[in-house]
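Colleague: Could you walk me through reading a fold, starting from one residue and working outwards?
Modeller: Gladly; let us put the structure up and begin.

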Amino acid sequence: MAHAPVVVSVNHKGGTGKTTTSRVLAQALASLPKYNKGKPILSVDLDPQGNTSRRWKLMTPNDDGVSVPIPHPELDGQNSSICDLWLNLLDQSKPNLAPEPYETSNPMIHVVPANEELMYEMIGIEKAKRPLMGRAMREWLRSADIYEKYSYVIIDTPPSKAALNEAALAAATHTYIPFIPEPQSVEGVFSIFSYLYAQQQQRSSNDPLVLLGFLPNLVQRTRLHNLHLKQLRDHTNFSQHLMKVQLNRRIGYAETDDSLCQPDQVTDMVGTQIEFEANRFAKYIAERVRETMPGGL
Ligand SMILES: Nc1ncnc2c1ncn2[C@@H]1O[C@H](COP(=O)(O)OP(=O)(O)OP(=O)(O)O)[C@@H](O)[C@H]1O
Ligand SMILES: [Mg+2]
């Protein structure tokens, strides 16, 4: 059955740009009718830190100071998060539910927020139950309902190898690894590459997990960055995975992360270098997704 592409940004190392690049990807795809065909992008925040959710002003501290989603306007004071899919795993008296995405100030971007409280419980769930998390996420994100409403699903993940990442990759059709061309970050890419390879081996040929590639992020014109990019370009096995696009270190990316920014300022990049770079990145991803989507888009 046809379903929406599910693109996951992943890296076990922190601070390499999983959140920023996935947000920029969502924004750029949302602005490109050729790729979104008029259907919104669904952005899923799978990181208990909730950076993606916060960006869209969807988080609030509860009485214990833990971050939870704001009440959903259509759920009578209740909130919704990706953890709705796993309520029964946490408490057998509760049914699992389909998450209710939140609309944002950008009509072409809907968000399923994180829930710090429930996510830490999910991370601690017994190992035998972990595959059930991936199965539920996969079933929902690959459903006809999601396909009908959304052009792309983009998932932001936490910097770990734990249960939430496993669930994201079980649901994923495509993945990419943002990294900084510096020693530790490049070593991190090699380590996650083997992890992804193991995940790919568990998939059938008609349901591949496609690696879209390594995305150089926070790139600066320094000898160190040039050297590491060259080493990857010249590498026998890894050169084929190095993306032909990159995101440079630009203050505008960080500025749009500022919690003082209003959400609609996120899209305030028209005519800037950032818009050009982000669109180039999104087009590269969308073309590769189109080429590799089983059954086509
Ligand atoms: N291309 C860029 N130019 C400038 N700043 C950037 C760029 N990419 C990311 N940043 C900044 O670097 C920091 C880390 O980025 P980000 O939060 O996206 O990384 P992450 O991999 O999601 O981190 P974590 O592992 O903690 O979730 C943020 O402050 C972000 O604003
Ligand atoms: Mg992040």
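**Reading a fold from the inside out**

Modeller: Valine 153 is buried, with a relative accessible area of 0%. Keep in mind that this is a predicted model.

Colleague: Where does valine 153 lie, and which residues is it in contact with, leaving aside its neighbours within four places in sequence?

Modeller: Start with the element, then list the partners. Valine 153 belongs to strand β7, residues 152–156. Beyond its sequence neighbours, valine 153 touches Ala4, Pro5, Val6, Val7, Leu42, Val44, Leu141 and Ile146. The C-alpha atoms of valine 153 and serine 43 are separated by 5.9 Å, although the two residues are 110 apart along the chain.

Colleague: What share of contacts in the protein chain joins residues at least 24 apart?

Modeller: Here one looks at the whole chain. Counting contacts between residues at least 6 apart in sequence, 78% join residues at least 24 apart.

Colleague: How many helices and strands are there in the protein chain? And why can it be called as compact as a globular protein of its length?

Modeller: The protein chain has twelve helices and nine strands. Its radius of gyration is 18 Å, close to the 19 Å that the globule rule gives for 297 residues, so the chain is as compact as a globular protein of that length. The C-alpha trace spans about 55 × 40 × 40 Å along its principal axes, and 54% of the 297 residues count as buried.

Colleague: What about the surface: how much area does the protein chain expose, and what share do carbon and sulfur atoms supply?

Modeller: About 13800 Å² is exposed, with carbon and sulfur atoms supplying 50% of it. For charge, compare the two sets of side chains: there are 30 positive and 32 negative ones, and the centres of the sets lie 11 Å apart.

Colleague: Let us turn to helices. What span should the 13 residues of helix α1 have?

Modeller: Count the residues and apply the rise. At 1.5 Å a residue, helix α1 (residues 18–30) should span 18 Å, and its end C-alpha atoms are 18 Å apart, which agrees. In α1, 13 of the 13 residues are buried, so this helix is largely enclosed by the rest of the structure.

Colleague: Is helix α8 mostly covered or mostly uncovered?

Modeller: Helix α8, residues 163–171, is mostly covered, as seven of its nine residues are buried. Among them are Leu164, Asn165 and Leu169. The buried residues of α8 pack against β1, α5, α6, β7, β8 and α9, and β7 is the strand that holds valine 153.

Colleague: Is asparagine 279 buried or exposed?

Modeller: Compare its relative accessible area with the 20% cut-off for burial. Asparagine 279, in helix α12, has 14% and is buried. Asparagine 279 is in contact with Ala28, Ser31 and Leu32, leaving aside neighbours within four places in sequence. Its C-alpha atom and that of glutamine 27 are separated by 8.9 Å, with their positions 252 residues apart along the chain.

Colleague: One last feature: which residues have a positive phi without being glycine?

Modeller: Check the backbone angle, then the setting. Lysine 57 has a positive phi of about 60 degrees; lysine 57 sits in the loop between α3 and β3 and is partly exposed, at 33%. Leucine 218 also has a positive phi, near 60 degrees. Leucine 218 is in the loop between β9 and α10 and is partly exposed, with a relative accessible area of 23%.

Methods
Residues numbered from 1 in each chain as written. Chains lettered and ligands numbered in written order. Predicted model: local features only at pLDDT ≥ 70, side-chain atom pairs only at ≥ 80, totals over all residues. Heavy atoms only, no water. Helix = DSSP H or I, 4+ residues; strand = E, 2+ residues; numbered from the N terminus. Rg over C-alpha atoms; globule rule 2.2 N^0.38 Å. Buried < 20%, exposed > 50% of the residue type's maximum accessible area, 1.4 Å probe, protein only. Contact = heavy atoms within 4.5 Å. Areas by Shrake-Rupley, 256 points an atom, 1.4 Å probe, with all protein chains shown as cover. Lys, Arg positive; Asp, Glu negative; His and termini not counted. Charge placed at Lys NZ, Arg CZ, Asp CG, Glu CD. Expected span 1.5 Å × (residues − 1).
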